[in-house]
Amino acid sequence: MPNRFLDISLSLQLCQLRRDDEVLFSAPVSTALNGPGEVENSGCTPRGWHTIRACIGEGQPVDTVFRGRRPTGEIYTTELAEQFPDKDWILTRILWLSGVEPGKNRLGNVDTMRRYIYIHGTPDSEPMGIAKSHGCIRMHNQDLLALFELVKPGLKVFIHE
């Protein structure tokens with residue numbers, strides 16, 4: 001186990017940045033409504049060891065709307081949400097994950113990176129601590145901003161039940 005890593009518990013719906021036994025950061029999250037699973041198009045959150053492939057959105061305003069990992073130029077508002085009531089909003093920052101375990105969460109039909117699994121911001125009105133996402137790991141924007149300042153590409157991420 002690396003001495004500094006992100007620990008994401010699906011059962012607790014909790015993200016913690018750890019260094020050995022010390023917790024450096026902790027925040028509630030919302031993972032997949034469909035539960036854990038690695039297969040593409042499953043809508044599940046993949047388990048196992050991952051790495052942060054990219055940290056996206058530095059310098060963008062809070063509530064920046066992303067599509068295809070690029071800012072759209074829009075800022076999330078309740079009025080925008082009313083126009084698109086079923087949209088799964090990706091806001092503020094993106095930590096793009098890549099699996100590191102071939103056959104489990106890397107390559108073939110279980111590839112976390114090709115599934116576009118992120119840790120990303122979501123509207124602050126969305127509940128945390130409840131599995132509701134389409135597979136990604138959602139965080140409230142202020143929590144994600146704090147975490148974003150503490151991590152960089154290459155950091156190991158362990159997702160478990």
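**Group meeting: contacts, cores and cysteines in a predicted model**

Of the contacts in the protein chain with a separation of 6 or more, 63% are between residues 24 or more positions apart; contact here means heavy atoms within 4.5 Å. The model is predicted: local features need pLDDT of at least 70, side-chain atom pairs count only at pLDDT 80 or more, and totals for chains, interfaces and linings use all residues. Residues are numbered from 1 along each chain as its sequence is written, and side-chain values use heavy atoms, with hydrogens and water left out.

Let me turn to the overall fold. The protein chain has two helices and ten strands, in the order β-β-β-β-β-β-α-β-β-β-α-β along the sequence. Helices (H or I, at least four residues) and strands (E, at least two) are DSSP runs, numbered from the N terminus. Of the 161 residues, 48% are buried, where buried means under 20% relative accessible area with a 1.4 Å probe, protein chains only.

Next, the interior. The largest nonpolar core has 22 residues; such a core is a set of buried Ala, Val, Leu, Ile, Met, Phe, Trp, Tyr and Cys residues joined through side-chain atoms within 4.5 Å. Among the residues with the most contacts inside this core are Leu-6, Ile-52, Met-139 and Leu-147. Elements that each supply at least two of its residues include strand 1 (4-9), strand 7 (91-99) and strand 10 (156-160). Helix 2 gives the most, with three residues.

Which residues of helix 2 are buried? In this helix, residues 141-148, they are Asn-141, Leu-144, Leu-145, Leu-147 and Phe-148. Seen down the helix axis, the buried residues fall within an arc of 165°, so they line one face of helix 2; the arc is that of the directions from the axis to the C-beta atoms.

Met-139 deserves a word of its own. Leaving aside residues up to four places away in sequence, Met-139 touches Phe-25, Ala-27, Val-29, Ile-119, His-120, Gly-121, Thr-122, Met-128, Leu-144 and Leu-147. Apart from the largest core lies another, of eight residues, among them Phe-66, Ile-90, Ile-94 and Cys-136.

That brings me to the cysteines. A disulfide is a pair of cysteine sulfur atoms within 2.5 Å, and by this rule the count is zero. For Cys-44, the nearest cysteine sulfur is that of Cys-136, 12 Å away. Cys-44 is buried, with a relative accessible area of 9%, and Cys-136 is buried at 10%.

Key:
Buried means under 20% relative accessible area, exposed over 50%, partly exposed in between (1.4 Å probe, protein chains only).
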